[in-house]
Amino acid sequence: LRQRERVHAERWRHYRVILAKRTVGIRQVGERREFIFAEDGAVPRQRIGSTLVAVSARALGWLQDDLRSHEDNIGAEEIAAMIERFSAEDYERTIAAFGRPSDVDADGRISFLFTHLVDEMENVAGFYSSSSVLPEDIGGDGNRTDLLFISPTQPRANYRSLLVHEFQHLINF
């Protein structure tokens, strides 16, 4: 992931096209969307159908539609609670420490996609992929969203620090 970010950063430094921000309408729980999961090791590039299960002032919680059954799966109510806490307590603290994030979709929110594809990667509980925010002509994957990929099977006590940690990667890129 970090090597890919270095390549993307170098391409971005030399990119000369002025990007118009996409404007996104008001998001509502139940909305559906497809995201691209870029190839990573044993996990091939693929589209992930997802449903918006949580909306807060600073974050959106998306859940993979065909999430496989697993005893540790997090539910929509838990996602809503963590997204609300992220907005109310962690967002401002994180940007005060590290700076403002991108807002490529002009919605003022960070999207968290809970997907088992993260579980299929080795030793990863979540990640930020710079390809999610970049235009396709310089290595972007077509998501054009401030997006973080999160495992739906982590111990509940780990999620708060996981969301903030991955948010920091987005800011740092």
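Student: Are α2 and α3 parallel, perpendicular or oblique to each other?

Tutor: Happy to work through this one; keep in mind that the model is predicted. The axes of α2, residues 76–98, and α3, residues 159–172, come within 10 Å and cross at roughly 45°. An angle under 35 degrees would count as roughly parallel, and 65 to 115 as roughly perpendicular. The pair α2 and α3 is therefore oblique.

Student: Which hand does the crossing of α2 and α3 have?

Tutor: Good follow-up! Besides the angle of roughly 45° between the axes, the crossing has a hand. Where α2 passes α3, the crossing is right-handed.

Student: Which residue class, nonpolar, polar or charged, has 10 residues in the contact of α2 with α3?

Tutor: Let's look at who takes part. From α2 come residues including Met82, Phe86, Arg85 and Glu89, and they meet a set in α3 that includes Leu163, Val164, Phe167 and Gln168. By class, the contact has 2 polar and 5 charged residues, and the class with 10 is nonpolar.

Student: In what order do the elements of the chain run?

Tutor: The chain has 3 helices and 6 strands to place. Reading from the N terminus, the order is α-β-β-β-α-β-β-β-α.

Student: What share of the contacts with a separation of 6 or more comes from residues 24 or more positions apart?

Tutor: Some context on the whole chain helps here. Of its 173 residues, 49% count as buried, and the chain exposes about 8700 Å². Among contacts with a separation of 6 or more, the share from residues 24 or more positions apart is 69%.

Note on methods: Residues numbered from 1 in each chain as written. Predicted model: local features only at pLDDT ≥ 70, side-chain atom pairs only at ≥ 80, totals over all residues. Heavy atoms only, no water. Axes fitted to C-alpha atoms, helices over the stretch in contact; angles between N-to-C directions. Helix = DSSP H or I, 4+ residues; strand = E, 2+ residues; numbered from the N terminus. Parallel < 35°, antiparallel > 145°, perpendicular 65-115°, else oblique. Left-handed = near helix turned anticlockwise from the far one by under 90°. Contact = heavy atoms within 4.5 Å. Nonpolar A, V, L, I, M, F, W, Y, C, P; charged D, E, K, R; others polar. Buried < 20%, exposed > 50% of the residue type's maximum accessible area, 1.4 Å probe, protein only. Areas by Shrake-Rupley, 256 points an atom, 1.4 Å probe, with all protein chains shown as cover.
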